[in-house]
Amino acid sequence: ALLALKARICHYSNGTYKAEAKAAAQEIYDTFYKEKAWVGFTPVENINATSSSRYFKISDDVLFGAYYKNLATEYDSELIGNDNTVKYPLAGIDNLFLSDVSGNYDDLRYDKLILSTNALNKAYYTGKYSVSSESYVEAVENPMIPLFRFSEVCQILAEIEAQDGNFTEAVAYLTEVRNARGAFRNISVSDYNQFMDELILE
């Protein structure tokens, strides 16, 4: 968690501490992910937002976070109005989650974690903060506020590689995150701006 925080802080230094950011993120990736397997991604088959799901917040890759006991119940009570309208809708879903070459939206965050109302004017909202009665979710995930995920470590490494002109390596890190979320649209970039467009989408 401390290495991740160091990587984030150094990465926000406009390049002043880029080497330190990369070193901290690389240590997490090489030692604690590849070598020791202490951190990683939530298994694809466990990403869901049904009432019996254990991984509302794809929490296996949360390196650190905050907790608020009543988060889920208070959010749930505020989210949906009596007329089935959503008070905090998500916009631009179709643009955010681009389809693959066959036209399929295979990203599990789109397919499993974003819910919609049954109202005439359909509204999308996140299912990550919905209340669950499953014992693990109720105790661990309902009150969780993720602050840093392992996926951000990969994204930091990807952006640094892109800044250095290493687009093959940059795309490899970003693709690893995307594949862990079930998103298999091929990414191809030839310059930094193209890469950043993909990173922002992610």
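This report covers the nonpolar core, one loop, one helix and the largest pocket of a predicted model.

**Core**

The largest nonpolar core has 33 residues. Seven of its members touch the most other members: Y29, V39, F41, L63, F150, V153 and F195. Five helices give two or more residues each to this core: α1 (2–11), α2 (18–35), α7 (150–163), α8 (167–180) and α9 (192–201). The largest share comes from α7, with eight residues. In soluble globular proteins, nonpolar side chains tend to be buried together.

F41 shows what such a core member meets beyond its sequence neighbours. Leaving out residues up to four places away, F41 touches Y33, D60, D61, F150, S151, C154, E176, V177, A180 and R181. Among these partners is F150, which is also one of the core residues that touch the most other members.

**The loop between α2 and β1**

T42 and D61 both sit in this loop: T42 lies between α2 and β1 (62–67), and so is D61 placed. T42 counts as buried because its relative accessibility is 2%, under the 20% cut-off. D61 is buried as well, with a relative accessible area of 0%. A polar contact of 3.4 Å joins the two side chains.

Their wider surroundings can be listed without neighbours within four places in sequence. T42 is in contact with I47, Y55, I58, S59, D60, D61 and A180. D61 is in contact with G40, F41, T42, F148, R149, F150, S151 and R181. D61 also pairs a long sequence gap with a set distance in space: D61 and E152 are 91 residues apart in sequence and 9.6 Å apart, C-alpha to C-alpha.

Two further residues of the loop deserve a look at their backbone. Most residues other than glycine have a negative phi. A37 is not a glycine, yet has a positive phi of about 55°. I58, also a residue other than glycine, has a positive phi near 35°. Both A37 and I58 are found in the loop between α2 and β1. Their exposure is set out below, beside that of T42 and D61.

| Residue | Relative accessible area | Class |
|---|---|---|
| A37 | 58% | exposed |
| T42 | 2% | buried |
| I58 | 5% | buried |
| D61 | 0% | buried |

A37 is exposed, whereas I58 is buried. I58 is also among the contacts of T42.

**Helix α3**

Helix α3 spans residues 71–79, and its buried residues are L71, A72, Y75 and L79. They cover an arc of only 90° around the axis, so they lie on the same side of α3. An α-helix has 3.6 residues a turn, so residues three or four places apart point the same way. What covers the buried residues of α3 includes strands β3 (124–126) and β4 (144–149).

**Largest pocket**

The largest pocket has a volume of about 670 Å³. It is lined by 29 residues, of which L96, F97, R109, K128 and E202 are the closest to its centre. Elements that each supply at least two lining residues are α4 (93–96), β4, α7, α8 and α9. The largest share, three residues, comes from α9.

Some elements recur across these sections. Helices α7, α8 and α9 give residues to the core and also to the pocket lining. Strand β4 helps to cover the buried residues of α3 and supplies pocket lining too.

Note on methods: Residues are numbered from 1 along each chain as its sequence is written. This is a predicted model: local features need pLDDT of at least 70, side-chain atom pairs count only at pLDDT 80 or more; totals for chains, interfaces and linings use all residues. Side-chain values use heavy atoms; hydrogens and water are left out. A nonpolar core is a set of buried Ala, Val, Leu, Ile, Met, Phe, Trp, Tyr and Cys residues joined through side-chain atoms within 4.5 Å. Buried means under 20% relative accessible area, exposed over 50%, partly exposed in between (1.4 Å probe, protein chains only). Helices (H or I, at least four residues) and strands (E, at least two) are DSSP runs, numbered from the N terminus. Contact means heavy atoms within 4.5 Å. The arc is that of the directions from the helix axis to the C-beta atoms. On a 1 Å grid over the protein atoms alone, a cavity is a set of points where a 1.4 Å probe fits but cannot get out, and a pocket is an open set with protein on both sides within 12 Å along at least five of seven lines; lining residues have an atom within 4 Å of a point. Grid points are joined across faces, edges and corners, and a volume is the space filled by probe spheres set on the points. A polar contact is a pair of N or O atoms within 3.5 Å; within protein, one must be able to donate a hydrogen and the other to accept it, and residues adjacent in sequence count only if both atoms are side-chain atoms.
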